[in-house]
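Dear colleague,

I am handing over the structure that follows, and below it I have set out what was found. Please read the notes with the structure open beside them.

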Amino acid sequence: MIVLLCALVWLDYGSEVLPGGNVFGIIVVCSCAMIGGKLVGLIKLPTLPPLPSLLGMLLAGFLIRNIPVISDNVQIQHEWSSSLRSIALSIIVVRAGLGLDTKALKKLTGVCVRLSMGPCLVEACASALLAHFLMGLPWRWGFILGFVLGAVSPAVVVPSMLLLQEGGYGVKKGVPTLLLAAGSFNAILTITGFNTCLGIAFSTGSTVVNVLSGVLRVLTGVATGSLLGLFIQYFSSSDQDNPVWKRGFLVLVFSELVVLSSLYFGFPGSGEILCTVLMAFFEVTSWTRNKEVIENIIEFAWFMFKPLVFVLFGAEVSVASLRPETVGLCVATLGVAVLIRILAAFLMVCFAGFNIKEKIFISFAWLPKATVQAALGSVALDTARSYGDTQLEDYGMDVLTVAFLAILITAPTGRLLISFLGRRLLQKAKHQNKDEEVQGEPSEQV
């Protein structure tokens, strides 16, 4: 099948489908990513869940880059890989926007906002402080790194929490519901903060002009997202054929158009992220009945791009360019930042009706990092390459290295901790139905 696909593409792209071409490289890395994900999924330990497939995809990209014979023939230009990661980032933002639950907003306002914002901001500030004094990064780049690390991975947390929810663990207090609801807010906050810091780091001119420009971009993004949301809402009316599919397709296309346009015109910032979030949120509030269909369309798009995101991110890490002292400082920065995050998450759920065991579980369940880190980890490096500044490229490589180590360490560790601690620290409901399971509240106060 791969040979037939290569022959078909060769008729259109010529040398691009041959070894060393971009199309050939994309086909090979996608195949290796899927094989690596399947192999890691086959590793099963007694009484423990399988390791996340994204770990195999990440390692596949790492091996492709660092095996000499393969790396010489499998090459993808930075412009191609950057565009593919940008498309994947737009899909992640749309998924986060669709994941905003208005019912959860009303029921879980206090503790959900604290859990989604508190640990993220605390870890971002702690990482910036550690990166500045340990790794020698400027403050702007320290906060870029901090927001890269601040996100929790839906690809790890959501499946694990759904398994616990099906088993009845923690549903009486609504622990799974709380973590699932807070995940979307956390991803949106992290991506918005990252893009804001990225725009500041590469801006020129006075500080006042840069701040005003950032505010203008935010307002423009909010207005554009609202207009696009209204357009999609009324363009695909219910009397048309397959209006839900048209709406899902328009949401996906407009989100990619907004993100890619901002990069093409050189306007990195939070405006395009807020635009995409608002556009997706409009669809959630207007068509609640068909939300699941639209989510399935976006999930299929993510299924197609997920292997590319992780394998391309892993392929950015070269062993030859890593220095032992740099890796050691990156691990130290990551370790201290994660410990501070765990403590912050514990404090954020205090006075919310949880017992000590549930607080400990929530703190460790808010640990895994993968999806957002893979999408954002190399964005700063790609931006630095476009400026041609070797010093900025070194800063970008440090950010990428920490993000790579964060996925490699916290994704499998978090998956195992959620499964292991969930069955030991959370109370299992003896008699429950599905309505009680879904509607469980995190505290008596809420």
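**Notes on helix α19 and its surroundings**

Residue F404 is found in helix α19, and I begin with this residue, bearing in mind throughout that the model is a predicted one. With a relative accessibility of 6%, F404 counts as buried, because the cut-off for that class is under 20% relative accessible area. Once residues up to four places away in sequence are set aside, F404 touches L58, F62, F313, G314 and V317. The C-alpha atoms of F404 and Q373 lie 7.7 Å apart in space, although these two residues are 31 apart in sequence.

T401 also lies in helix α19, and a relative accessible area of 3% makes T401 buried. Leaving out residues up to four places away in sequence, the residues that T401 touches are L322 and C330.

Two helix pairs that involve α19 deserve a description, and I take them in turn.

Helix α3, which covers residues 53-66, packs with helix α19, which covers residues 390-425, at an angle of about 150 degrees, and their axes are 10 Å apart. Angles over 145 degrees count as roughly antiparallel, and α3 and α19 are therefore roughly antiparallel to each other. Their crossing is left-handed. On the α3 side the contact is made by L54, L55, L58, L59 and F62, while α19 contributes F404, I407, L408, A411 and P412. F404, the residue with which I began, is thus one of the α19 residues in this contact. How do the residues of the contact of α3 with α19 divide into nonpolar, polar and charged? There are 10 nonpolar residues, with no polar and no charged ones.

The second pair joins α19 with helix α18, which spans residues 379-387; here the angle is about 170 degrees, and the axes are 8 Å apart. That angle makes α18 roughly antiparallel to α19, and α18 passes α19 in a left-handed crossing. In this contact L381, A384 and R385 of α18 meet L392, E393, G396, M397 and L400 of α19. By class, the contact of α18 with α19 holds 5 nonpolar residues, 1 polar residue and 2 charged residues.

The cysteines were examined as well, and a search of the whole structure finds 0 disulfides. Why does C120 have no such bond to the closest cysteine sulfur? The sulfur of C120 is 9.2 Å from that closest sulfur, which belongs to C125, and this is too far for a bond, since a disulfide needs a pair of cysteine sulfur atoms within 2.5 Å. Seen from C125, the closest cysteine sulfur is in C120, again at 9.2 Å and too far for a bond. As for their surroundings, C120 counts as buried at 0% relative accessibility, whereas C125 is partly exposed, with a relative accessible area of 45%.

Finally, some totals for the chain as a whole may help you to place these details. The protein chain has 20 helices and 0 strands. Of the 446 residues in the protein chain, 52% are buried. Among the contacts in the protein chain with a separation of 6 or more, 82% are between residues 24 or more positions apart.

With kind regards

Methods: Residues numbered from 1 in each chain as written. Predicted model: local features only at pLDDT ≥ 70, side-chain atom pairs only at ≥ 80, totals over all residues. Heavy atoms only, no water. Axes fitted to C-alpha atoms, helices over the stretch in contact; angles between N-to-C directions. Helix = DSSP H or I, 4+ residues; strand = E, 2+ residues; numbered from the N terminus. Parallel < 35°, antiparallel > 145°, perpendicular 65-115°, else oblique. Left-handed = near helix turned anticlockwise from the far one by under 90°. Contact = heavy atoms within 4.5 Å. Nonpolar A, V, L, I, M, F, W, Y, C, P; charged D, E, K, R; others polar. Buried < 20%, exposed > 50% of the residue type's maximum accessible area, 1.4 Å probe, protein only.
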